Amino acid sequence: MRTSGKEGVAAAGVSHDAGDEGYSKSLKPRHISMMAIGGAIGTGLFLGAGGRLNSAGPALAIVYAVCGLFAFFVVRALGELVLHRPSSGAFVSYAREFLGEKGAFVAGWMYFLNWATTGIADITAIAIYAHYWSMFSDIPQWILALVMLAVVLILNLVSVKIFGEMEFWFAIIKVGAVVVFMAIAIFLLVTGTPVNGHTPGPQLIADGGGIMPHGLLPLVLVVQGVVFAYAAVELVGVTAGETAEPAKVMPKAINSIMWRIGVFYVGSVVLLSMLLPSDEYRAGQSPFVTVLSSIGVPAAGDVMNLVVLTAALSSLNSGLYATGRILRSMAKTGSAPGFTGVMNKSQVPYGGILLTGGVCVLGVGLNYLVPASAFEIILNFSAVAIVATWGLIVICHLVFVKRSKTGSVDRPGYRLPWTPVTQYVTLAFLASVLVLMWFDEGAGRVTLLCLPIIAAALVVGWFASRRKREQLAGTSEEPE
């Protein structure tokens, strides 16, 4: 994916991204560390695990472990690129350096598609979760959605430090909820306290048909949902441009992702499988609520609803942050509208953040105007977009390693292990996720059939912005 002419000159041998200028270095190590955890914990665990346990059985823990391993490979590859050159443009900046401006264009807009559609889901979910409490039940859903969007949007625009603090405390709530549940679960196992008439223990797995009670196919089909549950782990790379010591902070944060996935996702599913038979969990209800309600824990539903609401707010907050930085990097080369490249006095790229927020507002209306199936198809675009983003990160890393062998770049000491086998296996895994989407005869297949529309939109956008890119490339080539 090479470019030619002025664009090629601008893209080749990039050692600096103009989009990185002007940022403050306000994100502290504790912010980055907790964001690394929070990015790997969301509604996919708190809410989605119930339905997946019901369909796939206890072997869901294996799926979480395998998908978590590949997610770790992706973020580890990104971490090596970050140490090569920290950038708020993250993988868009690296795509520009190693794949040319076309690669950056595709990476940036696919990532925007991911967070814009995810944001639509987030604000809709936030309003639905708020309606759980009677004090909000009389307020129209669209008002709740807009109010919460406005609050998160305003706080995101104030300063990156406030963003970091929000994510820090969001992560604290999510991690705290999982830790408390796991402590209760271990207590129930050790004491043999009955849960809904069942004596907890490994025998529940054997008595319920083993680890794959419904066979291999349901287990394979949940892979795509589990992968999307890990979406946002790559966010830690975007934060590199706004922390003072990325070379010190990033390796620790990224390395922690793997064991935290193992403890929180795999550990939780194993515990859930030993507390109740997998067929007693249900889609749409948190498996944690299922267990806690079964043992009479008061207000279990209220507490978990608050945690899930927190997870949705965290996702919305992260999406606004990430797209603001990514779009600014693109705007500096003409691949995104010029207004997305501007900053406010607090050194926040507010143009891109407002663009994402605007799409989320449109999504509120969309949720009411189109049938649920059509809305689900649109949200599935985020699934395709995150697979594309992860794939481009791995491809960038492949090119980076290849160039290091010629001496044009130096690999840092912090590296993705077992290259290039790791990259090829990860790319094959990501391709298999798209294949699995085809077997989802509903939204998944229709989404894949819409890929030509996405591709056509990218082509039209590329040529529509060509003149602006050429102007900026020409300016950057002028002697000082």
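Q: Quick one to start: is glutamate 165 buried, exposed or partly exposed?
A: Glutamate 165 is partly exposed, at a relative accessible area of 21%. Keep in mind that this is a predicted model.

Q: OK, and which residue does glutamate 165 form a salt bridge with?
A: That would be arginine 30, with 2.3 Å between the closest N and O atoms.

Q: Where do those two sit, then?
A: Arginine 30 is in helix α2 (residues 29-38) and glutamate 165 is in helix α9 (residues 160-191), so their pairing ties together parts 135 residues apart in sequence. Arginine 30 is partly exposed too, with 38% relative accessibility.

Q: Why would side chains like that pair up at all?
A: Opposite charges can pair when the charged atoms come close.

Q: How many salt bridges are there?
A: The count is five. Another one of them joins glutamate 80 and arginine 411, whose closest N and O atoms are 2.5 Å apart.

Q: What parts does the pair of glutamate 80 and arginine 411 tie together?
A: Glutamate 80 belongs to helix α5 (residues 60-84), while arginine 411 is in the loop between α18 (372-406) and α19 (421-438), so the linked parts are 331 residues apart in sequence.

Q: Buried or exposed, those two?
A: Glutamate 80 is buried, at 0% relative accessibility. Arginine 411 has a relative accessible area of 18%, and it counts as buried because the cut-off is under 20%.

Q: Switching topic: what does glutamate 242 form a salt bridge with?
A: Arginine 325, with the closest N and O atoms 2.8 Å apart. Glutamate 242 is in the loop between α13 (235-238) and α14 (246-275), and arginine 325 is in helix α16 (residues 300-331). Both glutamate 242 and arginine 325 are buried.

How values were computed
Residues numbered from 1 in each chain as written. Predicted model: local features only at pLDDT ≥ 70, side-chain atom pairs only at ≥ 80, totals over all residues. Heavy atoms only, no water. Salt bridge = Lys/Arg side-chain N within 4 Å of Asp/Glu carboxyl O. Helix = DSSP H or I, 4+ residues; strand = E, 2+ residues; numbered from the N terminus. Buried < 20%, exposed > 50% of the residue type's maximum accessible area, 1.4 Å probe, protein only.
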